[in-house]
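I opened a new page for this model and wrote down what I looked up, entry by entry.

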Amino acid sequence: MELGLDVVLFRILLEKAGRALRNGSTNMDVLVVVGTTACYVYSVYALLYGAISGFWSPTYFETSAMLITFVLLGEYLETLAKGKTSDAIKKLVELTPVPTRFFRSEMRYTTGKCGRVISQREIDALLIQPGDVLKVLPGARVPVDGVVVWGSNHVNKSYKSRL
């Protein structure tokens, strides 16, 4: 059983190491293949030498199998972690500020009252300054913290806790 495990798992690492060597580079897979091959070859030599001479040296077949298993398990766990990280990054990107409707009025909102609206245009949320008056349409995300000057609406705050 140990030999079968060695062969199956070793083939996976051997393919990865071969790809790296063909590309002219070395990586961890090459190091593991060299180490486990040396371990396995030494164990076969020690076994044959013991059968011929009667002097039995320790063999390390299980070390080779366990090393390969732990390396592949680590790569699998790394892949899972990368997947979860990319999902979290996608959710963070969804929270980026969106363009919003900006009102230019005769006076900025500082005293609790807003002057007559002169014009309105869409601006990037990064350009919003304290005191600016914004229009948030129903269903849209609120780009910044603020105070409601006029009107009413329902704001879904659950997007803050979706990470």
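**Entry 1. Overall layout.** I began with the contacts: of those between residues at least 6 apart in sequence, 48% join residues at least 24 apart. I noted that the model is a predicted one. I then listed the secondary structure and found three helices and three strands. Reading along the sequence, I wrote the pattern down as α-α-α-β-β-β. I also looked up burial: of the 163 residues in the protein, 21% are buried.

**Entry 2. Helix 2 and helix 3.** I turned to packing next. Two packed helices are described by the angle between their axes and the distance between the axes. I looked up both values for helix 2 (residues 28–53) and helix 3 (residues 61–94): the axes come within 8 Å and cross at roughly 165°. Because angles over 145 degrees count as roughly antiparallel, I recorded helix 2 as roughly antiparallel to helix 3. I logged the crossing of helix 2 past helix 3 as left-handed.

Which residues of helix 2 meet helix 3? On the helix 2 side I listed Met28, Asp29, Val32, Thr36, Cys39, Tyr40, Ser43, Val44 and Leu47. On the helix 3 side I listed Phe61, Thr63, Ser64, Leu67, Ile68, Val71 and Glu75. Sorted by class, the contact of helix 2 with helix 3 has ten nonpolar, four polar and two charged residues.

**Entry 3. Val44.** I picked Val44 out of the helix 2 residues that meet helix 3. Val44 counts as partly exposed, because its relative accessibility is 31%. I also looked up its distance to Thr59, which lies 15 residues away in sequence: the C-alpha atoms are 7.6 Å apart.

**Entry 4. Aromatic pairs.** How many aromatic pairs does the structure hold? I found three. I followed up one of them, Tyr45 with Tyr49, whose ring centres are 6.0 Å apart with 20° between the planes. Planes under 30 degrees apart count as stacked, so I entered Tyr45 and Tyr49 as a stacked pair. Tyr45 and Tyr49 are four residues apart in helix 2, so about one helical turn separates them.

I then checked accessibility for both members of the pair. Is Tyr45 buried or exposed? Tyr45 has 52% relative accessibility and therefore counts as exposed. Tyr49 has 38% and therefore counts as partly exposed.

**Entry 5. Lys16.** I went back along the chain to helix 1 (residues 2–22), where Lys16 is found. Its relative accessibility is 26%, so I put Lys16 down as partly exposed. What does Lys16 touch, not counting residues up to four places away in sequence? I found Asp29, Leu72 and Glu75. Asp29 and Glu75 had already come up in Entry 2, Asp29 on the helix 2 side and Glu75 on the helix 3 side of the contact. I also looked up Lys16 against Val30, 14 residues apart along the chain, and their C-alpha atoms are separated by 7.9 Å.

**Entry 6. Leu14.** I stayed in helix 1 for Leu14. Leu14 has a relative accessible area of 43% and so is partly exposed. For Leu14 and Val34, 20 residues apart in sequence, I noted a C-alpha to C-alpha distance of 9.5 Å.

Conventions. Residues numbered from 1 in each chain as written. Predicted model: local features only at pLDDT ≥ 70, side-chain atom pairs only at ≥ 80, totals over all residues. Heavy atoms only, no water. Axes fitted to C-alpha atoms, helices over the stretch in contact; angles between N-to-C directions. Parallel < 35°, antiparallel > 145°, perpendicular 65-115°, else oblique. Left-handed = near helix turned anticlockwise from the far one by under 90°. Contact = heavy atoms within 4.5 Å. Nonpolar A, V, L, I, M, F, W, Y, C, P; charged D, E, K, R; others polar. Phe/Tyr/Trp six-rings, centres within 6.5 Å; stacked < 30°, edge-to-face > 60°. Buried < 20%, exposed > 50% of the residue type's maximum accessible area, 1.4 Å probe, protein only.
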